[in-house]
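Q: I am new to this structure and would like to learn how to read it. Could you take me through it feature by feature?

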Amino acid sequence: MSTAAIVMMVVAMLVIWGGLALAVASLVRHGAVEDRTENQPRDL
Amino acid sequence: MTGQATGQVEQERRRGAFSSRRVFILAAIGSAVGLGNIWRFPYVAYENGGGAFVLPYLVALLTAGIPFLLLDYAIGHRHRGSAPLSFARLRRGAEGLGWWQVGICFVIAIYYAAVIAWALRYTFFSLDEAWGADPEGFFFGEFLQAGDVRVTADVVPGVLLPLAVVWLAVLVIMALGVQKGIGATSLVFIPVLVLAFAALVVQALLLDGAAEGLDALFTPDWSALGEASVWAAAFGQIFFSLSIGFGIMITYASYVGRREDMIGSGLVVGFSNSGFELLAGIGVFAALGFMAQANGVGVGEVASDGIGLAFIAFPTIISEAPAGALIGVLFFGSLVIAGITSLVSVIEVVISAVRDKLDTGRLAATFAVGIPAALLSLVLFSTTSGIYVLDVVDHFVNQYGILVVALVSMLIVAWALRALGGLGAHLNVHGRPRVGAGWRVLVSLVAPVGLALVLFFSLRDDLDEPYEGYPGWLLLVFGWLLVVVLPLLGFLLARLPWRAGTHLDGPPPGSDPTAPLHANPATRGEGGPR
């Protein structure tokens, strides 16, 4: 593989998978109030 | 509680819901990650600048894809209904947009199931390389038995049977409901999909020539960034792969607890979808690199997308590669899993709309929607002309169905209804990071311009020459006519009355995300009719 191709592959991985890791971390850190009482699925 | 509030709570319980944020996120990822991620993204990236495509792709993801995804979430989460009900609650006159989306989903479901059926059959074909030395001849001849381009009623049993199996599986999932059906399927299928595809990528990377394939995919052509068509391709890829703009995310968001962080969830879903696409690009081009080297040609000569990639190129790779059967089962198995989780989300848009409008039970709505859809699917796509009809319907429904309804609904919500302020405020109650003026600019200006660009290039190509050289009557009946009828039908369906007691005109009582848990929304004086 050429150097340019390797660099672009690494950049794509870092940005996209790194973005995913950041998004997951942010969501876990922020959390949410569970609303299970209203969420009881019945699907009648 | 007032009768109205009690009725609303009861209605929400009857609709069903995802049991947690994790289930919703997996279901949304399952919807977004579909066949297009595996067989469309790699070739689009390769054709549009290779490594340089990363730039427009990310710009499209951050300026149009995720903002539009959040718009869908806000509409569904705030208004707690299917696409037609959510639009009706936003403004009565907008209900037709929801039915237009429902019509598009119905059409997509009937042909999408056929492709899953092909992949299901090919999963088993992989075990003994049933295509022999001529995968192309086998696919069009022996398997599909495709003849001249004409509509026939000649059934192909080899397609009919797996198609019936796919529909049976989907109907069972849909009948089980939002959590036990869609949610449970996503909980199992998405981890399996990721593991199976990761195993495929590892296997592909071990093949001779894999590095040449990756070189072809990632070598940047910076001059491509100056071409408008490359930017249109990036916006188109993001748009089509995220399942936005045609009711799916509105419907799924309506099943999420009112206190969930929809912004954070949207970011996870958006980046997960792109993360899977990148994984698919690496796996597919590593395998294509092997194929090119084995045949002594350049990667460009074997690179393809869609049906050609899946049912012609990959069988060739499977025949030539060591442990080819394993690669085949992983590849086609991944297509089946990704397809099923997407198909389930598409058909749920229709079922949810029917349930809301007619107040029917889950089982009745599943049969009312699923059986006609399955029959149409079997009649149209298990015949010797199935592939031609499928190709035309797929192209037109995507380019002029999804794209146009998404563009129109975005412009109406942003400019005619001026609803972005309220929707953004709703997202911000529990969402992080907060959305503000920047989001409103992206949704009202940048995303519509991006979609208009995609539409312009598509329209220009289709007016220049007939799509794939198909005869005019086929393009007229299954293409142009179809995409004109769907919105008309949508606005006709919107004229049917809602069942008595359905809350319209504004978010329903109990949807306020700031209200304490178990509070009586009616006595707070919030969330009532405007």
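A: Happily! Let us begin with a word we will need: contact means that heavy atoms lie within 4.5 Å. Please keep in mind that this is a predicted model.

Q: Which residues does B:Trp39 touch, not counting residues up to four places away in sequence?

A: B:Trp39 touches B:Val115, B:Asp305, B:Gly306, B:Ile307, B:Leu309, B:Ala310 and B:Phe311. B:Trp39 itself has its place in helix 3, residues 35–39 of chain B. As for distance along the chain, B:Trp39 and B:Ser304 are 265 residues apart in sequence, yet their C-alpha atoms are 8.5 Å apart in space.

Q: Is B:Trp39 buried or exposed?

A: The idea is to compare the relative accessible area with a cut-off: buried means under 20%, and exposed means over 50%. B:Trp39 has a relative accessible area of 13%, so B:Trp39 is buried.

Q: What does a value between those cut-offs look like?

A: Residues in between count as partly exposed. B:Leu62 has 46% relative accessibility, so B:Leu62 falls into that class. B:Leu62 is found in helix 5, residues 54–79 of chain B. Leaving aside neighbours within four places in sequence, B:Leu62 is in contact with B:Pro67, B:Phe271 and B:Leu442. The last of these partners is 380 residues away along the chain, with 9.2 Å between the C-alpha atoms of B:Leu62 and B:Leu442.

Q: Could I try the same reading on B:Leu378? Which class does B:Leu378 belong to, buried or exposed?

A: Good practice! The relative accessible area of B:Leu378 is 19%, and because buried means under 20%, B:Leu378 is buried. B:Leu378 has its place in helix 18, residues 362–381 of chain B. Not counting residues up to four places away in sequence, B:Leu378 touches B:Leu160, B:Leu163 and B:Ala164. In addition, B:Leu378 and B:Leu161 are 9.3 Å apart, C-alpha to C-alpha, with their positions 217 residues apart in sequence.

Q: How do I read contacts for a whole chain?

A: Look at how far apart the partners are in sequence. In chain B, residues 24 or more positions apart account for 85% of the contacts with a separation of 6 or more.

Q: What are the helix and strand counts of chain B?

A: Chain B has 22 helices and zero strands. Its C-alpha atoms fill a box of roughly 75 × 50 × 45 Å along the principal axes.

Q: Why can chain B be read as agreeing with a compact globule?

A: The trick is to compare the radius of gyration with what the chain length suggests. With 530 residues, a compact globule would have a radius of gyration near 24 Å, and chain B has 23 Å, so the two agree.

Q: What should I look for inside chain B?

A: In soluble globular proteins, nonpolar side chains tend to be buried together. Here, buried residues make up 64% of the 530 residues in chain B. The largest nonpolar core has 199 residues, and those with the most contacts inside it are B:Phe18, B:Leu71, B:Tyr73, B:Trp118, B:Leu288 and B:Phe311. Helix 7, residues 95–128 of chain B, gives this core its largest share, 21 residues.

Q: And what about the surface and the charges?

A: The accessible surface of chain B is about 17800 Å², and 65% of it belongs to carbon and sulfur atoms. Chain B has 28 positive and 36 negative side chains, and the centres of the two sets lie 23 Å apart.

Q: How does chain A read?

A: Chain A has two helices and zero strands. Buried residues make up 27% of its 44 residues. Chain A exposes about 2500 Å², with carbon and sulfur atoms supplying 71% of that area.

Q: What backbone details are worth checking?

A: Most residues other than glycine have a negative phi, and most peptide bonds are trans. B:Arg80 has a positive phi, near 50°. B:Arg80 is found in the loop between helix 5 and helix 6 of chain B, and is buried at 4% relative accessible area. B:Gln145 also has a positive phi, near 55°. B:Gln145 has its place in the loop between helix 8 and helix 9 of chain B, and is partly exposed at 39%.

Q: Which peptide bond is cis?

A: The bond from B:Arg432 to B:Pro433 is cis, with omega near -5°. B:Pro433 lies in the loop between helix 20 and helix 21 of chain B.

Notes:
Residues are numbered from 1 along each chain as its sequence is written. Chains are lettered from A and ligands numbered from 1 in the order in which they are written. This is a predicted model: local features need pLDDT of at least 70, side-chain atom pairs count only at pLDDT 80 or more; totals for chains, interfaces and linings use all residues. Side-chain values use heavy atoms; hydrogens and water are left out. Helices (H or I, at least four residues) and strands (E, at least two) are DSSP runs, numbered from the N terminus. The radius of gyration is taken over C-alpha atoms; the globule rule is 2.2 Å times the number of residues to the power 0.38. Buried means under 20% relative accessible area, exposed over 50%, partly exposed in between (1.4 Å probe, protein chains only). Accessible areas come from the Shrake-Rupley method with a 1.4 Å probe; for residues, only the protein chains shown count as cover. Lys and Arg count as positive and Asp and Glu as negative; His and the chain ends are not counted. The place of a charge is taken as NZ of Lys, CZ of Arg, CG of Asp or CD of Glu. A nonpolar core is a set of buried Ala, Val, Leu, Ile, Met, Phe, Trp, Tyr and Cys residues joined through side-chain atoms within 4.5 Å.
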